[in-house]
Amino acid sequence: MPRAYVGLGSNLGDREATLRAALAELAGTPGVEVAAVSTFIDTEPVGLLDQPRFLNAVAVLETELPARTLLGLLLELESRFGRDRSSVPAQGPRTLDLDLLLYGEAEIREEGLQIPHPRLHQRAFVLEPLAEVAPGLEVPGKGTVEGILARLH
């Protein structure tokens, strides 16, 4: 089964309860097993700075779902948790943000699906929890998570 890495974030409402509920939904999905979850970290917003702080984490999933299907599941979960991507800026406030960061060793460049996530190498708030749950992980075309993180600092 492929191992997928999903970034989780929330900065509206009860952030921790939202992330935990989203993880429970993922764990209850046929063909998806939540293998590990990083520590939740409180972070500053990136891009659009005039908004509440985020709570971020990374989940490791063992999944039978193809990458495109998994992405569809993540977007549907965001919607069920109240996220309307059309009503706020891309980096604006959100109840739930689920990003498919990595899917096995795949490199995918399709309409609406890019693996590794195109901004993964620029985001310490993703790389730090990713390094926690997957030390030494190779990001296709970028190097190890720790190496990428070191270049950010």
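In what sense do strands E3 and E4 pair, and over how many bridges? In this predicted model, E3 and E4 pair in the antiparallel sense, and three bridges join them. E3 covers residues 41-43, and E4 covers residues 54-63. Within this pairing, Thr43 stands opposite Phe54 of E4.

E4 has further partners. Strand E2, made up of residues 32-37, is paired with E4 over five bridges, in the antiparallel sense. Here Val32 lies opposite Thr63 of E4. Strand E1, residues 3-10, also pairs with E4, and this antiparallel pairing runs over eight bridges. Leu8 has Ala57 of E4 as its bridge partner.

The burial of E4 follows both of its faces. Phe54, Asn56, Val58, Val60 and Glu62 are buried on one side, and Leu55, Ala57, Ala59, Leu61 and Thr63 are buried on the other, so that both faces of the strand are covered. Ten of the ten residues of E4 are buried, and the strand is therefore largely enclosed by the rest of the structure. Two of the residues named above for their pairing, Phe54 and Thr63, are among those buried, on opposite sides of E4.

E1 pairs with strand E5 as well as with E4. E5 spans residues 97-103, and its antiparallel pairing with E1 has six bridges. In this pairing Val6 stands opposite Leu100, while Gly9 has Asp97 of E5 as its bridge partner. Both E1 and E5 are strands with extensive burial. In E1, seven of the eight residues are buried, so the strand is largely enclosed by the rest of the structure. In E5, seven of the seven residues are buried, and E5 is therefore also largely enclosed by the rest of the structure.

The helices were examined next. Helix H1 (residues 15-27) packs with helix H2 (residues 67-80) at an angle of about 135°, and their axes are 11 Å apart. Angles over 145 degrees would count as roughly antiparallel and those of 65 to 115 as roughly perpendicular; H1 and H2 are therefore oblique to each other. The crossing of H1 past H2 is right-handed. On the H1 side the contact is made by Ala22, Glu25 and Leu26, and on the H2 side by Leu73, Leu74, Leu77 and Arg80. By class, these residues comprise five nonpolar, no polar and two charged.

Glu78 also belongs to helix H2. Its relative accessible area is 2%; residues under 20% count as buried, and Glu78 is therefore buried. Beyond its neighbours within four places in sequence, Glu78 is in contact with Arg83, Arg85, Leu96, Asp97 and Leu98. One of these contacts, Asp97, is the E5 residue that serves as bridge partner of Gly9. Arg53 is 25 residues from Glu78 in sequence, and the C-alpha atoms of the two are 18 Å apart in space.

A second helix pair is formed by H3 (residues 124-133) and H4 (residues 145-152). The axes of H3 and H4 come within 9 Å, with a crossing angle of roughly 145°. H3 passes H4 in a left-handed crossing. The residues that meet are Ala124, Leu127, Glu128, Leu130 and Ala131 in H3 and Val145, Glu146, Ile148, Leu149 and Leu152 in H4. This contact of H3 with H4 contains eight nonpolar, no polar and two charged residues.

The buried residues of H3 are Val126, Leu127, Pro129, Leu130 and Ala131. Among them, Leu127, Leu130 and Ala131 also take part in the contact with H4. The cover over the buried residues of H3 includes strands E1, E3, E4 and E5 together with H4. H3 thus links the description of the helices to that of the strands, as E1, E3, E4 and E5 all contribute to this cover.

One peptide bond before H3 remains to be described. Most peptide bonds are trans. The bond that joins Ile115 and Pro116 is cis, with omega about -10°. Pro116 is found in the loop between strand E7, residues 113-115, and helix H3.

Notes: Residues are numbered from 1 along each chain as its sequence is written. This is a predicted model: local features need pLDDT of at least 70, side-chain atom pairs count only at pLDDT 80 or more; totals for chains, interfaces and linings use all residues. Side-chain values use heavy atoms; hydrogens and water are left out. Helices (H or I, at least four residues) and strands (E, at least two) are DSSP runs, numbered from the N terminus. Axes are lines fitted to C-alpha atoms, for helices over the stretch in contact, and angles run from 0 to 180 degrees between N-to-C directions. Angles under 35 degrees count as roughly parallel, over 145 as roughly antiparallel, 65 to 115 as roughly perpendicular and the rest as oblique. A crossing is left-handed if the near helix is turned anticlockwise from the far one by less than a right angle, and right-handed if clockwise. Contact means heavy atoms within 4.5 Å. Ala, Val, Leu, Ile, Met, Phe, Trp, Tyr, Cys and Pro count as nonpolar, Asp, Glu, Lys and Arg as charged, and the others, Gly among them, as polar. Buried means under 20% relative accessible area, exposed over 50%, partly exposed in between (1.4 Å probe, protein chains only). Two strands pair if DSSP finds at least two bridges between them.
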